Amino acid sequence: PSAGNTYLYLYYDLGGMAPEDMSCLHLLTDVMDELDTEKHTAQELNTLRNTWLGSSGAWMDCWTGRQEGRPCHAKLIVGMSMLERSLEKAVELGGEWLYDTQLTGPAAEAAFARVLSQQKLNMEQQFIQQGNAYAAVRASAHYNVENAASERCSGVSYYHFLCDLLEKADWAGLGAKLETLRAQVLQHAQLTVSLHGSEQALDTLRTLLPGSRFAAQERDAAQPYVEPLTPPVNEAFMIDGGVNYAVQVWPMERRSDRKVLARVMSYEYLWHNIREVGGAYGTGMLSSDGVEYLYTYRDPHVKESYDTFAKGPAELAAREYTEKDLNDFIVGTVAKLDTPRKPRAEARETDRRYFCGITDEMMAADRKALCAVDAALLKEQAAELGAAMANGVRVVFGSKDAVEAAKDLFDTVETL
């Protein structure tokens, strides 16, 4: 991607994992930086990683594939960037950090207590700062496996998981559980290695991997990640901060041309009625894989915003759209798809398309569908939107007063 720089990603398949273990695996990626190995303390190992590598880390990700059946591809990902000459050191340090960090003993137990307390505090702050993102994932989890896994690993469910661990404080038991899961994934799960760099770097990597910690005698075949979806429920979560985040999510088959409708709803209706009139800091509609949703950001209202949401489809369906309007909508939508990426981001997007089975022909077909949107299709989609929204769910993160004033909209109310 750029001269001398190399990007190495290792993807461990999580398709065979039990849903209840996914939260533990996500926690594992967050605590490893705080753990010692037999060779180095955590501080020493982090210093070595920062010295030899541009960046390094581990995280989990899920994507809905374009293959038949729309499978969910769940991966534990280890990513490292480096100068090409540091590739050997990257494999050495990455192997030690990932495989050899000590998950049991007094030092590990102290790290667990420290990291979990900080994570819980960070999530409580993020609920106040970006509650719309948490509300969208929470609501979308009812409709597809990708979002169900994301909610389990980074949403309200994960927050409950942290609170439960902190209350029990069984750090020895947690360490043993993490050790078992780490061995299960790192030693047996299908591993896909992705290198973005020169041919010479690829040749070097091929000689390094067989003798590295990443080598394994036998690995399981990759498979889609599955978990049962929960029935839709309208939920409100009361948070501090005096602001509200209202979200309405509904299921929708993947159609790239609906992204134009989302842009029109965002800028031709919601921006004026929610932002300028209602006083929210932000608002919009998003159309993603399997779901669509409306949201508000730092909103002084809850009930009033849902009333505004409900009026949107009819207003858009009644409007007239000129050729200039349509060109502006389409160009703005396509520009979002083709945003320039830095080499690291381009590498990760290339890998995602590989796992999800996304071809250049599919991307071209998506752009063609976007460019073919006309006034008749836009008005038809807007007219049908109200019925689709009625089949969705509402999730709010908001103040006590605003939630109580709109309590009739929700099945459950919880204080976070």
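This report covers the sheets, salt bridges and largest pocket of a predicted model.

## The four-stranded sheet

One open sheet is built from 4 strands, arranged β2-β3-β1-β4, with antiparallel pairing. Its edge strands are β2 (55–64) and β4 (191–196), and each of these pairs on one side only. From one strand to the next the twist averages 20 degrees.

Within this sheet, strand β1 (residues 5–13) pairs with strand β3 (residues 72–83) over 9 bridges, in the antiparallel sense. Asp-13 has Lys-75 of β3 standing opposite. Helix α3 (residues 87–99) packs on the sheet and touches β1, β2 and β3. The direction of helix α3 makes about 135 degrees with that of β3.

## The six-stranded sheet

A second open sheet has 6 strands in the order β7-β8-β6-β9-β5-β10, and its pairing is mixed. At the edges stand β7 (282–287) and β10 (412–415); each has a single partner strand, so one side of each lacks a neighbour in the sheet. The twist here averages 10 degrees from one strand to the next.

An example of parallel pairing is given by β5 and strand β9 (residues 393–398), which are joined over 4 bridges. Met-238 stands opposite Gly-398, a residue of β9. Helix α11 (residues 303–318) packs on this sheet, with contacts to β6 (245–251), β8 (291–297) and β9. Between the direction of helix α11 and that of β6 the angle is about 35 degrees.

## Salt bridges

The count of salt bridges comes to 27. One of them joins Glu-227 and Arg-152, whose closest N and O atoms are 2.9 Å apart. Glu-227 belongs to the loop between α9 (199–208) and β5 (235–238), while Arg-152 is in helix α6 (residues 145–154), so the pair ties together parts that are 75 residues apart in sequence. Glu-227 has a relative accessible area of 10% and counts as buried because the cut-off is under 20%. Arg-152, at 24%, is partly exposed.

A pair within one helix is formed by Asp-164 and Lys-168, with an N to O distance of 3.3 Å. Both residues lie in helix α7 (residues 156–168), 4 residues apart, which is about one turn of the helix. Asp-164 is partly exposed at 33% relative accessibility, whereas Lys-168 is exposed at 58%.

## Arg-255 and a salt-bridge network

Asp-257 and Arg-255 also form a salt bridge, with their closest N and O atoms 2.8 Å apart. Here the acidic partner, Asp-257, is buried at 9% relative accessibility, and Arg-255 is partly exposed at 33%. Elsewhere, Arg-66, Arg-70, Arg-254, Asp-289 and Asp-366 are joined into one network by salt bridges that share partners.

## The largest pocket

The largest pocket holds about 1500 Å³ of space. Its lining comprises 44 residues, and those nearest the centre are Lys-259, Ser-287, Ser-288, Asp-289 and Leu-337. Asp-289 is thus named both in this group and in the salt-bridge network.

Helix α10 (residues 258–277) gives the most to the lining of this pocket, contributing 6 residues.

Methods
Residues are numbered from 1 along each chain as its sequence is written. This is a predicted model: local features need pLDDT of at least 70, side-chain atom pairs count only at pLDDT 80 or more; totals for chains, interfaces and linings use all residues. Side-chain values use heavy atoms; hydrogens and water are left out. Two strands pair if DSSP finds at least two bridges between them. Helices (H or I, at least four residues) and strands (E, at least two) are DSSP runs, numbered from the N terminus. Axes are lines fitted to C-alpha atoms, for helices over the stretch in contact, and angles run from 0 to 180 degrees between N-to-C directions. Contact means heavy atoms within 4.5 Å. A salt bridge is a side-chain nitrogen of Lys or Arg within 4 Å of a carboxyl oxygen of Asp or Glu. Buried means under 20% relative accessible area, exposed over 50%, partly exposed in between (1.4 Å probe, protein chains only). On a 1 Å grid over the protein atoms alone, a cavity is a set of points where a 1.4 Å probe fits but cannot get out, and a pocket is an open set with protein on both sides within 12 Å along at least five of seven lines; lining residues have an atom within 4 Å of a point. Grid points are joined across faces, edges and corners, and a volume is the space filled by probe spheres set on the points.
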